[in-house]
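Reader: I should like to learn how the features of a model are read, one at a time. Please give the general idea and then the case at hand.

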Amino acid sequence: MDQQRALDVILSDYNVFLTGPPGSGKSFLLKQAIQEFQKMNKIVAITASTGIASSQIDGITLHSWSNISEYTRSKTFYDFESDKELTKRYKSVDVLIIDEISMIDCDLFERINNMAKFLRKSSKVFGGIKLVLVGDFFQLPPVNSSINKNLLYLFESSLWNELNLKICYLNTQYRQQVDNSLTKILYRIRSGNLDIKSLDLLKKRILKANDSSIIKLYSHNYDVDNENHIQNNILRTRPKNYKPLNWGIHKYVDSIMKDNGFNNNTGFKIGSRVIFIINRPQLGYVNGSRGQIIDFKKHLPLVRTYDNKNILVDYQEFSMQINNIKVAKVNYLPLRLAWAITIHKSQGMSLDSAEIDLGRSFSPGMGYVALSRVKSLEGIYLKGFNKMAFLIDNRVREVDRDWLKSTKII
């Protein structure tokens, strides 16, 4: 199957799973497909499992599109039916695209399926919405595992089989095209045959990055927070603090804070490197947009993003309603320091260079994801790695072998 035939399959009436190694052109082909769907006057919902991944395809997170979050999962579908905008969203969509599908847990996927069936009044899977699922299960699984502890990966659920997916498997490398050595290392990790030569090459990359602008990737939030505070404290500019402004029932306020990963935003300075943590495309940013604070105006930070947009960042409101009654709200400045981020947060990024700490890797696929974010071996600076760093779950390797057999390599 060549690229044109793969595009034809994606544009067909079938549900599709587009997969392949990182850097194999999945996002490029997906953007082509989106353009073609729009020419066909199809209404397309462009989503991804993470904010950073969604920003790469000009979309939003699946949680935002579906309106299903941790604190709304307890609601019934009848609670949502009175939301005319949400009902219209589900009824009008022709194609639902979900990028970085490996990080979607089975419970969320099943709930969206049931929501779509209910709001569209259809017994068909996802209410008859065509699905285009994109991703690579060699990368990281969901952070929050399914309620059913036997189901970690989406392909293990019965719903996956109900979709009757057509497989499009890409296998040409583009991201590391000029660096054959990194491509070979990634292939060996993927196949479970990391040899001594590859390990020696990786050991030679145990170096400290001299350039402080190089982003750092860590496995744990603690290390990310520590690095960000160290780098921020080096700046000699005056810090400004932005504490959340809360109202309502305490337990619901706590729920909003926890579900969105909020904490006290303290110590922002001119020169602070930051990342946006919510989607506000109408204001010029999405979850995962990165930049640097260049000034403060009207007591608010002015951020210059890495695509050269200047954005004055104001508080945004997050609220919770029960039976149409607002019970809590949090006004929050949607920024975090970003000299360092977690490897989970980096999924979907393409980086020229990164300093990576795999010394406390705790999940299969973690080293594979981190290394594959970078375009060349020379751009990788390792702080170390442990035995877990380069392991891949055998369940993933086995099912991927089946997918590879079911389709010709592009």
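**Sheet, helix and loop**

Author: Let us begin with a sheet: four strands form an open sheet in the order β18-β7-β19-β20, paired in parallel. Helices (H or I, at least four residues) and strands (E, at least two) are DSSP runs numbered from the N terminus, and two strands pair if DSSP finds at least two bridges between them. The model is predicted: local features need pLDDT of at least 70, side-chain atom pairs count only at pLDDT 80 or more, and totals for chains, interfaces and linings use all residues. Residues are numbered from 1 along each chain as its sequence is written, and side-chain values use heavy atoms, with hydrogens and water left out.

Reader: Which strands stand at the edges of this sheet?

Author: They are β18 (340-342) and β20 (380-385); each has a single partner strand, so one side of each is left without a neighbour in the sheet. From one strand to the next, the twist averages 20 degrees. β7 (residues 216-218) pairs with β18 in the parallel sense over three bridges, and K216 stands opposite A340 in β18.

Reader: Which helix packs on the sheet, touching β7 and β18?

Author: That is α11 (residues 221-234), whose direction makes about 170 degrees with that of β18. For such angles, axes are lines fitted to C-alpha atoms, for helices over the stretch in contact, and angles run from 0 to 180 degrees between N-to-C directions.

Reader: How is the burial of a helix read, and which residues of α2 are buried?

Author: An α-helix has 3.6 residues a turn, so residues three or four places apart point the same way. In α2 (residues 26-39), the buried residues (under 20% relative accessible area; exposed is over 50%, partly exposed in between, with a 1.4 Å probe and protein chains only) are K26, L29, L30, A33, I34 and F37. Seen down the axis of α2, they fall within an arc of 145 degrees (taken from the directions from the helix axis to the C-beta atoms), so they line one face of the helix. The face turned away from the buried side carries the exposed residues F28 and K39.

Reader: Where does S272 lie, and is S272 buried or exposed?

Author: S272 lies in the loop between β10 (265-268) and β11 (273-276), and is buried, with a relative accessible area of 0%. A polar contact is a pair of N or O atoms within 3.5 Å; within protein, one must be able to donate a hydrogen and the other to accept it, and residues adjacent in sequence count only if both atoms are side-chain atoms. The side chain of S272 makes one with the side chain of N232 (2.5 Å), and reaches the backbone nitrogen of K269 at 2.9 Å.

Terms used:
The expected span of a helix is 1.5 Å times one less than its number of residues. Contact means heavy atoms within 4.5 Å.
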